[in-house]
Each structure stands twice: as C-alpha cells, then as structure tokens.
Amino acid sequence: MICAAKTVIDNDLDQSITKFLAGDSAVTQDPYPLYKRIRDAGPVYWYRDSIPIIARFADATALFKDSARFLTYRGKERFAPERLSDEDRARVDEIVAFEALQMNEMNGDGHRRVRAAAQRAFLPPRINQFEAQVRGIVNDLLDEMAENDISDFMKFAYRLPLSVVSVFMGMPKADIDTLKELGDDIAAIKPFVGGELSVEKIRKAHLSVQRTQSYVREMVARHRSDAAVRTEFMEALLDAQSGDKLSQDELGGTISILIYASHESSTNMLGNGLHSLLTNRDQWERLVADPSLSDRAVAELLRYNAPVQMMTRRTCETATLSGVDIPEQTRVLILYGSANHDEREFADPDSLDLMRTKANHISFGYGVHVCIGSALARLEGRVAFETLTRRFPDMEIAANPGDLTWNAHPVFRGLKSLPVRLGRDRGRTDMVR
Ligand code: HEM
C-alpha cells in the first residue's frame, strides 16, 4: 500500500488548535470554522507534527470501527509517575485501578462482557415505560419556571437529567450533585493533550475516587437489602452481579460511570438544542406547528451542536486511516463536532434543518463504545422539546444571542446561561401521546 505523507506543518493552524484545547474563549465560542480548517488540511492532521487529529466523518467512523487497534485506555503515563513520591504513586495506582473498572476505559472481551451486563438495565421497554414519569418531571419543572417571565433555561436543563437519573437509579437528588462534583475532580486528571498533572489534582482525584467507591458500596448494600428503594434499573444490575456477569468491583465501576456520564451531556443537549432552535426561528416554528417531530428534531439538534465535542483513542499497533499510517502507542484526537459538520457527509452541514433525511450524527459516539444511555437521553430530549413547543410557542431568548457565553471547555460544549422569555403558557401536557 502507498502511504500518504503527513500533512504539511501549519503553524497558524497549530496555534489555533492550541488555543482551542487550552479553552481560549476566542475559539471555544465557535469552534466550527477551526474544525473546517482541520478537515480541509487532510484526513489526518498532525497537530504539533505528533498528535493525529481526525476531523472528517468517514475517517472518524472508520477509526471507531477498528476497535481492536484504537483503544480507549488512557494509560498511566499521563501522571508521569517517575516524578512522584511513593505515596503519590500508590494514589495513582488506585486511580488507574478505579478507571479500569469503568466500561469506557475497557476494551475487547472485558468491555463486551461488562457492557452486555449493563445493557440489560437499558432495554427499550424499560426506557419507554419511563416516559410518563419524564413527562411529569418536565411539566413540574416548567410550572416552576413559568412563575417568572424571564428565567435561565440552563437551570431547567441542569435539573431535568438530575431528576430523571435520580428516579431511574433510585438515588436522592442531593447525592447525585455530590457524586457529580467528585466525578469532576476525577475527570480533571483526564487531560486531552499535553501538560503535566499537578500533584494537588492527583490527590484531590484520589480522595474523590475513594469517596465515590464508598458511596457506591453503600448504595449497592441499600438497594440489595431494601426492595422499597430498588428500581428496576438497579435490579437489572444487581441480577447481573448475582449471576456472575459482573464482579462486585465491576458493578461499582459501572454504577459510578453511569451516574457521571448521565448528567452533563444531557444538560448540554437541552441547552444547545433550545439555543439552536430559538436562533433558527423557522425551525422553532416548524416544531411548534408539529411537536410530534421532536424525535427527529433531537437527532438534528445533536448533530448541529454536539454536547461532547471530542474523544481520544490510543493505538495498540500501527493502524492506517485513509492511507495514513498511525504508529503504535499514539494518542489520537477524534472531533465528533467536526465530523457532524463534514460537507463530505452532510449537505449544507452548517444549516439547522429538522427535516434533514440524513441525520446520522456521531454525537453519541460510534461503534462498540457508542453511548449506552442514548435512548434515555433521547427520551428526555424528545419530551422536553415537545413540551416546550406545545406549552410555550412564543418563547424567545431574552438576551442578545451574541452576548451568550459558552463554557470554555473544549470537550463539553454548553452555555453558561440561556435567559428565555416564556411568553403565553398553553398549560401542562402530561396526557399527550
Ligand atoms: C445527550 C446526552 C449524551 C451524550 C451526548 C452522550 C455522549 C456519549 C459519547 C460521545 C460516548 C462515547 C464515548 C467514546 O466513544 O469514548 C458515550 C458513552 C457513554 N455514555 Fe453517553 N452521552 C449522553 C447521555 C448518557 C446517559 C444519559 C448515560 C447514562 C444513563 C450515558 C452513559 C454513557 C456510558 C456508560 C458510556 C460508555 C459506553 C462504553 O464505553 O461502552 N450517556 N456517551
């Protein structure tokens, strides 16, 4: 095979990528023009001549299909353990052991087994059964919001997934807040590119790992001994463990990743989605005219402005993408947000079009690690947008859209706040469908 040469080094492009990854708001406010430059530079762009970035749709999906060569394992090297004291090295070992029990860090047969066991808790009938409850939660939160003429929609967007997951998993809401904070400390030691992790961050993450583990242990014991608090979801997970499909430790790892992963992305799906609709008024009006389009609307909204913008993989042996060799042990950056706007895959990709026939976005990932909670997230999105358009057809953004601020984080794309004026309320929609 003839291998394509590396892309030509483009210092200007590298500088913009560096700013983006460092969370410079000049780029994170609107990363899509940068993505286009990366896509146009070639199928594999070698950032700093060493880190391959995959920004085109076809190459991103080809990479995710090759899960035998592109692994999710982040590795211990990021901690640079050789510089650490014995105590801190022991902390790192505990952190890495904790991560290794979560399915997003697993590969091959281990991943297949743990994921299959957890999947039983997400069977479509179980999710669908949950719809009436989600509808009730959405309407209750909107009742509260309707007490004010202008409110911050991000508060709703934060509280909905929290309430849903607390009912689904049978956990007090306040606990989820705490676990989310612990999860954020742990996520802080998963940098995407470069930089040495401070010892302070490592110690904080280690403490949060221990607190998460002890919380989950108590939660499992509570659900095992008390049928009154046990939800069907937890029952499915506990059965998997009793049936030897999951070890006790894997059960803990599975619950902790589910709690962490279920929250922020769903918040941003709601915030990004409403922002996209209200800044593309014709599309909002289309949904108001026919709220039953909400399911396809959610797909297009996720494509248009994905809550998770990128992920990484590491090659375990040399792999080839579009004729470009990527050596073993190379960390690769894959840009979902860019793939979803690839003009090679989508006609007029920068337009929001709810009637788009091709809505095959990869905002939930692709391949063996595709989001396990996607049906639950889509249910929340469908019910939320259907209810918003039925109840508040005149809703509008109560700020100059140019003044809204996006999180500086390059991975988790979402608004800091989204003030909206609700307008007339056509009343609760609990009984729809
Ligand atoms: C709109 C909301 C959501 C978005 C955009 C989203 C996005 C993603 C993405 C992009 C991945 C793939 C990561 C990779 O390939 O490395 C993923 C995996 C995952 N998601 Fe979600 N997610 C959402 C909601 C949820 C919910 C509600 C849950 C749980 C209830 C959840 C649990 C997970 C888990 C456990 C994985 C790892 C799966 C595996 O490695 O096999 N997510 N998600």
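Start with the sheet: select strands 1, 2, 8, 5 and 3, and you have five strands forming an open sheet in the order 1-2-8-5-3, with mixed pairing. Strands here are DSSP E runs of at least two residues, helices are H or I runs of at least four, and both are numbered from the N terminus; two strands pair if DSSP finds at least two bridges between them. At the edges sit strand 1 (45-47) and strand 3 (70-71), each pairing on one side only.

Before going on, know that this is a predicted model, where local features need pLDDT of at least 70 and side-chain atom pairs count only at pLDDT 80 or more, while totals for chains, interfaces and linings use all residues. Residues are numbered from 1 along each chain as its sequence is written.

Now pick strand 2 (residues 51-54) and strand 8 (residues 331-335), which run parallel and pair over two bridges. Click Ile-54: its bridge partner in strand 8 is Ile-334.

Keep Ile-54 and add Leu-335. These two have the most contacts inside the largest nonpolar core, a set of 110 residues. Such a core joins buried Ala, Val, Leu, Ile, Met, Phe, Trp, Tyr and Cys residues through C-beta atoms within 7 Å. Buried means 20 or more other C-beta atoms within 10 Å of the residue's own, exposed means 12 or fewer, and partly exposed is in between, with C-beta atoms placed from the backbone. For the top contributor, select helix 9 (residues 153-169), which gives 11 residues to this core.

What does Leu-335 touch? Leaving out residues up to four places away in sequence, show Tyr-35, Ile-53, Ile-54, Ala-55, Gln-309 and Met-310. Contact means C-beta atoms, placed from the backbone, within 7 Å.

Next stop, helix 16 (residues 294-304): eight of its 11 residues are buried. Among them are Val-298, Leu-301 and Leu-302, along with Glu-300 and Arg-303. Bring up helix 14 (264-278), helix 15 (281-289) and helix 18 (374-391) to see what the buried residues of helix 16 pack against.

Then select the ligand. It is surrounded by 23 residues, the closest being Ala-261, Ser-265, Gly-365, Cys-371 and Gly-373; a residue counts as near if its C-beta atom, placed from the backbone, lies within 6 Å. Helix 13 (248-261), helix 14 and helix 18 each give two or more residues to this shell.

Finally, zoom out. The protein chain has 18 helices and 10 strands, and its C-alpha trace spans about 60 × 55 × 40 Å along the principal axes.

How values were computed. Contact = placed C-beta atoms within 7 Å.
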